[in-house]
Amino acid sequence: MTATADANPGAGAAQTLYRWRWAALFVILAGEILDLLDALITTIAAPTIRADIGGSAGMIQWLAAGYTLAMAVGLITGGRLGDLYGRKRMFLIGAAGFTAGSLLCGLAVSPGMLVGARVLQGLFGAVMLPQGIGMIKEMFPPKEMGAAFGAFGPVMGLSSVGGPVLAGWLIDADLFGTGWRMIFLINLPVGIAALLAGLKFLPESKARRADRLDVVGAALAAIGAGLLVYPLVQGRELGWPAWMFALFASSAAVFAVFVWYELRKQRAGGDPLIMPSLFRKRGFSGGLAVGIVFFSGMAGFALVFGLYTQLGLGYSPFKAGMAQIPWSLGIVVGFGLAQAVTRFGRKVIHGGTVIMAGGVLGVAATLQAAGVGVTPWQLAPALVVTGIGMGLLMAPFFDTVLAGVEPHETGAAGGTLTAVQQLGSALGAAVLGTIFFQLLGDHLAASGANFEHAMDVTLWVVAGMLALSFAVTFLLPKHPRPDQEPVH
């Protein structure tokens, strides 16, 4: 099967629409669901996992950071693999690998095996996810493109609401005696269905001109990111030896070599992993800074809040998942509100930052007032505000940042931004998780007072990160380009 919807309608040629395009869209959305559900499930499941198979506090951080770090590194090249070798083929390979990684997660017998399987999930997810956008652009005519991309919004909203609740319910239900393992094993029927449906309904699709893979650049980026995240997670448990700080310095050196190599490759007429010209644009560089800080704060908040509700407040996994529903619903509301105020451009991001910071500080105030007896209902108002601010910030973020780049740079810039989003999530789990555990001390079975102090300080750090995001947002373009295609 070949999609021919990429014919140029402006040339007057007859355009034959791909007959299975809507079925193919559902297959692509199934891949999105796999990623969205697995990105945050360990924030609910981590305490139960650790109680079963052991591991340190660092293992809890690695369950989140390992997945998102692998995703960040893989996304940079995942799209190019589809351009070179076929998007359908790479989607199926990614889906198969992600499903296999989920099976290994469910069968894990040690912390190391589980973290390794999470990394495998992230890598294959990075191969699978970028292919959908290219296929949608080829399958759908312009008049249907908005509806096709519009389906991502409800899927993201439902997944953000249902993911934590589903994880908590599966753990408490202990189906077939599997306990926490079912949160990964449930991916198997979804993944297998996506594979079978993908074989039938996905179109053959390949770019007419594909950039060559920059293997050296990808390796340098992966090494630099790993040298940065590893000491952030493990430094606390190892007592911050001098060689940990040497790793930080090595990370900076590797990234410097990466920049030099990419510039050299571009001057030689090659295909660099990331277009160096992008970083000369103030709006794009500012967007990377905002993305790193904001997504770090968001992911760190999700991790610490999930841990605190269970370890500090004594919630069951299901109750902890239910407690996050107001936050998730707030995100959905924020996305909706953002569509109504798009004309205000950058001010929407500023407003979202302020509202989210107010919600985070509201959570802190609620915890201080109610103490360890706080209920999900008491937390709900502040979490709704937090979610609304987050949705207002996220909805226009990508399009606003990309307004500062040239049209021919949009694809590369969008891929870089998405990778930075995942890298920020990994850094958030590393940095804020380390702050939280450092304040608790060596044992997770700390007193209620220790938990309250650790959570309070962490929330203030998140608020500080949002204040920094507010300041850096002034570097962004004031408005997206009116003719700019939405980025998902």
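The overall architecture of the protein is described here, followed by three local sites. The structure is a predicted model.

The secondary structure of the protein is made up of 17 helices and 0 strands. Along the principal axes, the C-alpha atoms occupy a box of roughly 70 × 50 × 45 Å. The radius of gyration is 22 Å, which agrees with the value near 23 Å that a compact globule of 488 residues would have. Of these 488 residues, 55% count as buried. Among contacts in the protein with a sequence separation of 6 or more, 81% are accounted for by residues 24 or more positions apart.

The accessible surface amounts to about 19,400 Å², and carbon and sulfur atoms contribute 68% of that area. With regard to charge, the protein carries 29 positive and 24 negative charges, and the mean positions of the two sets lie 7 Å apart.

At the local level, helix α4 spans residues 111-139 and includes P111. When residues up to four places away in sequence are set aside, P111 is in contact with I53, G54, G55 and M59. The separation between P111 and F437 is 326 residues in sequence, whereas their C-alpha atoms are 18 Å apart in space.

Helix α5, comprising residues 142-150, contains the buried residues E144, M145, A148 and F149. These residues lie on the same side of α5, because the arc that they cover around the axis is only 135 degrees. Exposed residues K143 and G146 are carried by the face of α5 that is turned away from this buried side. The helix thus presents a buried side bearing E144, M145, A148 and F149 and an opposing face with the exposed residues K143 and G146.

The third site concerns the connection between two helices. Helix α12 covers residues 317-323 and α13 covers residues 325-340, with Q324 placed in the loop between them. The relative accessible area of Q324 is 3%; since the threshold for a buried residue is under 20%, Q324 is therefore classed as buried. Its contacts, not counting residues up to four places away in sequence, are with T43, I44, P164, A302, F305 and G306. The loop residue Q324 is accordingly both buried and in contact with residues including T43, P164 and F305.

How values were computed:
Residues numbered from 1 in each chain as written. Predicted model: local features only at pLDDT ≥ 70, side-chain atom pairs only at ≥ 80, totals over all residues. Heavy atoms only, no water. Helix = DSSP H or I, 4+ residues; strand = E, 2+ residues; numbered from the N terminus. Rg over C-alpha atoms; globule rule 2.2 N^0.38 Å. Buried < 20%, exposed > 50% of the residue type's maximum accessible area, 1.4 Å probe, protein only. Contact = heavy atoms within 4.5 Å. Areas by Shrake-Rupley, 256 points an atom, 1.4 Å probe, with all protein chains shown as cover. Lys, Arg positive; Asp, Glu negative; His and termini not counted. Charge placed at Lys NZ, Arg CZ, Asp CG, Glu CD. Arc of directions from axis to C-beta.
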